[in-house]
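Dear colleague,

Please find below the structure that I am handing over to you, together with its sequence. My notes on it follow.

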Amino acid sequence: MGGVGDTRQAILQFTNKPKLADKHMARPPFAFLHAVIKNIILNTGYQKSLFTKSELNAKTIKSKADKVAWFQKIKDAGACKERVLCGFVSLFVHWIGSTCC
């Protein structure tokens, strides 16, 4: 299932921010992943109530436990009605698992 190129194409369907640089796509830092999800939410309205206002600010999520909880919310959101976005969430969760862990 999807490599960096597939994930980049999936993300570009919904947002072009942040810049999808190869170095970030291969080993994405939390701030990059956060920016991608935040921009998808802002651009599409998808899962707009998933995160609190504070959780949409990457600077407020500092501890490893908070980051894991933030990712868990994304994973749990995978059961969705919008088929294309649901497929993206699945691809994104797979990408996170394959690059970050």
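Is lysine 73 buried, partly exposed or exposed, and what is its relative accessibility? Lysine 73 counts as partly exposed, because its relative accessibility is 26% and that class lies between under 20% for buried and over 50% for exposed. Please bear in mind that this is a predicted model.

The overall architecture may be described first. The protein contains five helices and zero strands, so that its elements, read from the N terminus, run α-α-α-α-α. Of the 101 residues in the protein, 36% are buried. Among contacts between residues at least 6 apart in sequence, 56% join residues that are at least 24 apart. The protein exposes about 6200 Å², and 55% of this area is supplied by carbon and sulfur atoms.

Lysine 73 also takes part in one of the two salt bridges that the structure holds. Its partner is glutamate 55, and the closest N and O atoms of the pair are 2.7 Å apart. Lysine 73 belongs to helix 4 (residues 64-76), whereas glutamate 55 is in the loop between helix 3 (30-44) and helix 4; the pair therefore ties together parts that are 18 residues apart in sequence.

The other salt bridge is formed by arginine 8 and aspartate 22, with 2.5 Å between the closest N and O atoms. Because arginine 8 lies in helix 1 and aspartate 22 in helix 2, this pair ties together parts that are 14 residues apart in sequence. The two partners fall into opposite classes of accessibility: arginine 8 counts as buried, at 19% relative accessibility, while aspartate 22 is exposed, with a relative accessible area of 55%. The value for arginine 8 is to be read against the cut-off for buried residues, which is under 20%.

Arginine 8 is also one of the buried residues of helix 1, which are Thr7, Arg8, Ala10 and Ile11. These residues lie on the same side of helix 1, because they cover an arc of only 165° around the axis.

One feature of the backbone should be mentioned as well. Lysine 17 and proline 18 are joined by a cis peptide bond, with omega at about -5°. Proline 18 is located in the loop between helix 1 (4-12) and helix 2 (22-26), the two helices that the salt bridge of arginine 8 and aspartate 22 ties together.

With kind regards

How values were computed
Residues are numbered from 1 along each chain as its sequence is written. This is a predicted model: local features need pLDDT of at least 70, side-chain atom pairs count only at pLDDT 80 or more; totals for chains, interfaces and linings use all residues. Side-chain values use heavy atoms; hydrogens and water are left out. Helices (H or I, at least four residues) and strands (E, at least two) are DSSP runs, numbered from the N terminus. Buried means under 20% relative accessible area, exposed over 50%, partly exposed in between (1.4 Å probe, protein chains only). Contact means heavy atoms within 4.5 Å. Accessible areas come from the Shrake-Rupley method with a 1.4 Å probe; for residues, only the protein chains shown count as cover. The arc is that of the directions from the helix axis to the C-beta atoms. A salt bridge is a side-chain nitrogen of Lys or Arg within 4 Å of a carboxyl oxygen of Asp or Glu.
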